[in-house]
Amino acid sequence: MAIIDRPPEWVRLMGLAAFDHREPSVQVADLDYDSLMTQTNSAGGERVLRFSAGDRLVTVRVTATGKTVSLAIAIVPPQAVRADIRPVHGPVQRRWVGPDGHATCDEVPSGPLSILVHWAAPLRPVRTAWVQV
Amino acid sequence: MTAAAIEIADVPTRLATPEELVARAIEGDRAAWETLVDLYSGLIWSVTRQFRLCDADAADVAQTAWMRLLEHIDRLRDASRIGPWLATTARRECLRTVAHRRRVVLTGDEGDLDRVDHAQTDLDASLLAVERSQDVGSAVAQLPQRWRDIMLLLTADPPTPYEEIALRLQVPIGSIGPTRRRCLRRLEALLDR
């Protein structure tokens, strides 16, 4: 029977730190589609991520720009609301989504990321599942 | 209170099952979450090792897997299967990372990841080890409280000497060996069910 390696301490510390990101009051939009997992892996292509929580959708087009990425965000239903782009390796970047449901964000550090969309009442805020970009 | 009494109070009094830990973590119990992290850090690390990721990529995979578990923990269909769920999640994140690095041809369907992959025998063996460990944990949880305390101390790393166990648990030193034998027989019976 194989023996599981003793993990470095940082694996454990990351697990412990994850608890601080607990947001039980915020609904999670699950990752339904990731073009990275379905397309032939051509270099330099745009990656499309689609998240859903009920009838609310968040589509993110990711373009790699070196160590950072650019994001084009589209939300359904469209609303002029705030979206918080929350990369693990950088500060939260706040963007306003236009009435057409679109927003962009450049120079987002690569790595795990979640986007919190502040849909206005009666809708509740939704955040996307964590995903690596 | 004497020093020995203080030490007795520090002895873990009960081994929780993964289902119990998950239920408590859902309620916001940080200690339960920390125990889950202790139980499954080795599994996540093992998965990242399978993909030979550099430390930076392995760190992103580990962090994403933990975050995914936290956001999904109240929706696990079978909390006792948390190990395999976490391993599958970590494997998917490893594949994303590898795909991002443009080293492999990708699978067409994430469902493919759930099928048997003969290249993953080491990982499967690791998962079996984890599940076996969980079975043992569940069996130990069914032992009488005093027996569990003794077994916890005997299986510590390094094992606690009989003299210290007798002192900490206030039991005759001559009873520890026979209790250990009875514990092992009971565990064997429970695991054979």
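This report describes strand pairing, helices, a nonpolar core and unusual backbone geometry in a predicted model.

**Strands of chain A**

In chain A, strand β1, which covers residues 27-34, pairs in the antiparallel sense with strand β2, which covers residues 47-53, and 4 bridges connect the two. Within this pairing, A:D34 is placed opposite A:L49 of β2(A). On to the next strand, β2(A) also runs antiparallel to strand β3 of chain A, residues 56-65, and 7 bridges join them. Among the residues facing one another here, A:F51 stands opposite A:V58 of β3(A), while A:S52 has A:L57 of β3(A) as its bridge partner. The hairpin of β2(A) and β3(A) has 2 residues between its strands, and in it A:G54 adopts a positive phi near 65°.

From β3(A) the antiparallel arrangement continues to strand β4 of chain A, residues 68-76, with 9 bridges between the two strands. One of the pairs in this part is formed by A:R61 and its bridge partner A:A72 in β4(A). The hairpin of β3(A) and β4(A) likewise has 2 residues between the strands, and A:G66 in this hairpin takes a positive phi near 80°.

The antiparallel pairings described above are collected in the table.

| Strands of chain A | Bridges |
|---|---|
| β1 (residues 27-34) and β2 (residues 47-53) | 4 bridges |
| β2 and β3 (residues 56-65) | 7 bridges |
| β3 and β4 (residues 68-76) | 9 bridges |

**Helices of chain B**

Chain B has 9 helices and 0 strands, and its pattern along the sequence reads α-α-α-α-α-α-α-α-α. The chain comprises 193 residues, of which 28% count as buried. Considering contacts in chain B with a separation of 6 or more, 68% are between residues that lie 24 or more positions apart.

**The largest nonpolar core**

In soluble globular proteins, nonpolar side chains tend to be buried together. The largest nonpolar core in this model has 56 residues, and those with the most contacts inside it are A:I73, B:I44, B:A62 and B:L86. Helix α4 of chain B, residues 55-72, contributes the most to this core, namely 9 residues. When neighbours within four places in sequence are left aside, the residues in contact with A:I73 are A:V58, A:V60, A:A83, A:V97, A:H102, A:A103 and A:I115.

**Unusual backbone geometry**

Most residues other than glycine have a negative phi, and most peptide bonds are trans. Against that background, two peptide bonds in chain A deserve a note. The bond joining A:V76 and A:P77 is cis, with omega at about 0°, and A:P77 belongs to the loop between β4 and β5 (82-87) of chain A. The bond from A:A121 to A:P122 is also cis, with omega near 15°, and A:P122 is located in the loop between β8 (112-117) and β9 (126-128) of chain A.

Positive phi values also occur at residues that are not glycine. A:E107 is not a glycine, yet its phi is positive at about 55°, and this residue is placed in strand β7 of chain A, residues 102-109. Because A:E107 has 13 C-beta neighbours inside 10 Å, it counts as partly exposed. In chain B, B:R52 has a positive phi of about 50° although it, too, is not a glycine, and its position is in the loop between α3 (30-50) and α4 of chain B. Since 11 other C-beta atoms lie within 10 Å of B:R52, this residue is exposed, the cut-off for that class being 12 or fewer.

Technical notes: Residues numbered from 1 in each chain as written. Chains lettered and ligands numbered in written order. Predicted model: local features only at pLDDT ≥ 70, side-chain atom pairs only at ≥ 80, totals over all residues. Pairing = 2+ DSSP bridges. Buried ≥ 20, exposed ≤ 12 C-beta atoms within 10 Å, placed from the backbone. Contact = placed C-beta atoms within 7 Å. Core = buried A, V, L, I, M, F, W, Y, C linked by C-beta atoms within 7 Å.
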